[in-house]
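Got your viewer open? Let's take a short walk, one selection at a time.

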Amino acid sequence: MTVAAPTATTTPRRRRARLLRLPSTLIAGAIILLVSLLLALFPQLIAPYDPTAFDYNALLAPPSAAHLLGSDSFGRDVLSRVIHAYGLDLQIAVFATVPAFTVGVIVGALVGYAGGWVEAVFGRVVDAVITFPFLVLVIAIVAVLGPGLTNMYIAVGVVGWVFYARLVAAEVKVQKRLDYADAGRVMGYRPLRIIFRHLLPNSITPAIVYWMTDMALAILLGSSLGYLGLGAQPPASEWGVQIADGKNFMNTAWWISVFPGVAIVITGLGFSLLGDGLAELLRTRK
Amino acid sequence: MMIPMNDTVISAEEVSKQFTLPQTMSRRLRGAPQLAVNALNGVNFTLKRGETLGIVGESGCGKSTLARVLVGLLDCTEGKVMFEGNDIAYLRGNARRSYNRRVQMIFQDPYSSLNPRMTVRQVLTEALHVHRMRPRAEIPGRIAELLDLVRLPDDAADRYPHEFSGGQRQRIGIARALAVEPDVLVADELVSALDVSVQAQVVNLLLQLQEKLHLTVVFVAHDLRLVRHISHRVAVMYLGSILEIGPTEALFSTPRQPYTRALLDAAPELDPTHRTTSVAARGELPSPINLPVGCPFNTRCPFAFDRCFVERPLLTERGPMHRAACHLTDFGLAPAAVPPMQTEAVS
């Protein structure tokens, strides 16, 4: 199934010209996420304190030179905890969505191509899943399996693939009626080649864009579950857990909850911008 | 143009195709039979190697369906398509793959017939690779050859379809079909989506390739002049049936079926002195869901008489290789003296 695709004519100059044509949203999103990735990989290089070190001389200290973003009720540095949470939260973004994306895209492509009763059965599965609010379903599954991140990944994967599959199936259904799909059939190509080499690359864009938003949503979900005590367990630093920690001090020490919230917003924005940029980039040119 | 007289490559025997419509609740409750569009109704013809058969007819007459049945995109409901003596419905495995390779199709719409995410090189490489036409090392050379064959520049290989014009895209489609070295090429409205100036280019390319590669071509089109230019033989279709089939010149100069004449008369004449305002066929195409009883053309034929509403005429011999389906077997014999309708009805 491998067909070489040498592109001999891409000169450096052409490549540079192509880079300039990249959508600005894509570049902005990529920069945000690259910085996030650096923070996630090397938190100890940037964070000024150990995220779990208690400082009883600075309990609930407001933002100052010593603690740029203040400290929480145990005297832990909020900035350090926000930075150390990057690793866990990006991990949640990826691990919670990649299985759903992979399974959803494959199932969606097959269902969209098969049509008929396969599609009818799939449609009922979709109905069954979307009837329940997503969060309630995930909480129910996590509650059964027990709290913890692994179980959260399983829960999100079990529910989330349906949305990807639905997007891809709808698109494949349109694409398979086009002449180039027929051309593949006339050529005698096997259905799997037609589905995955011809139809899928033309159908996957909405799923990729949704994936980017979904990563932002997964961070929010991880934070929500963390807040409820069903996700990351203390003392691990995770934004949702941090926000939950600060809820009792909202009137006196707002910084405990607000700064992790800002980190969520910025990371989510990064994924959304990247998603928009990818949509722009992958749009079929006519 | 000589008509080569050697062996039959592909033939249709009583090919019929019905598309069933979704059954409505009220019809189901009444116990009415399921409705179906009769796209093809008993089509017969044979194609000799190296021959070009033009298929003409109004839109909705089943031309495209026939093309799709011939290449195996659609299975016929009744009858069979024979390729080198084998019914294609029963081909499996290697035989099926070989049939797929040797009967190729060129599509009407140059914009949807190419995968927008594959370069020309990827498209051609895939075709060459899957059918093992060349060892891997020879593929780039063969691609250059193919591009040369359809007169595209060498640097076209690494470009995407959206970088080409409609005519160039159609030539990419031709190159893709030729990559697998087919025997039969089915061209469905090859140039109807192109500008007239480009049409001639593409059609002449097809003609030259046909001579060079000894291709058998089925040319489906609604442009009569184009069909006359390119075909050895022409089949006229109406409501899923062939009403007349014969050598191009014979059919165009002495049509033996009222519908053929209607079609020819309807084609705009360039010479103003030959302009005519008389209408050869009245009314609209009947619904292919409820076919007329008897001759399919009876609702519009100015010469229709009792028998036409009862008995469906069969294709019968009118001349060398020239067959028409009409109860008026003398129709068109002496074009100047077509007797008036009443006397014809008696004969």
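Start by selecting Ala109(A), Leu110(A) and Tyr113(A) in helix H4(A), then add Pro191(A), Ile195(A), Phe196(A) and Leu199(A) in helix H9(A): these two groups meet. Contact here means that C-beta atoms, placed from the backbone, lie within 7 Å. By class, this meeting place has 7 nonpolar, no polar and no charged residues. Nonpolar covers Ala, Val, Leu, Ile, Met, Phe, Trp, Tyr, Cys and Pro; Asp, Glu, Lys and Arg count as charged, and the others, Gly among them, as polar.

A word on what's on screen: this is a predicted model, where local features need pLDDT of at least 70 and side-chain atom pairs count only at 80 or more, while totals for chains, interfaces and linings use all residues. Residues are numbered from 1 along each chain as its sequence is written, and chains are lettered from A and ligands numbered from 1 in the order in which they are written.

Now show both helices whole: H4(A) is residues 78-114 and H9(A) is residues 191-199. Helices (H or I, at least four residues) and strands (E, at least two) are DSSP runs, numbered from the N terminus. The two axes come within 11 Å and cross at roughly 120 degrees; axes are lines fitted to C-alpha atoms, for helices over the stretch in contact, with angles from 0 to 180 degrees between N-to-C directions.

Stay on H9(A) and pick out Ile194(A), Ile195(A), His198(A) and Leu199(A), which are buried (20 or more other C-beta atoms within 10 Å of a residue's own, all placed from the backbone). Look down the axis: the buried residues fall within an arc of 120 degrees, so they line one face of H9(A). That arc is taken from the directions from the helix axis to the C-beta atoms. What covers them? Add H4, H7 (149-175) and H8 (179-186) of chain A, which are among the cover.

Zoom out to chain A, which comes to 12 helices and 0 strands. Its C-alpha trace spans about 75 × 55 × 30 Å along its principal axes, and 44% of its 286 residues count as buried.

Last stop: chain B. Here 26 residues of chain B are in contact with 22 residues of chain A. Select H3 (93-102), strand E6 (103-106) and H4 (120-130) of chain B, the elements that give two or more residues to this side. H4(B) has the largest share, 6 residues.

Key. Buried ≥ 20, exposed ≤ 12 C-beta atoms within 10 Å, placed from the backbone.
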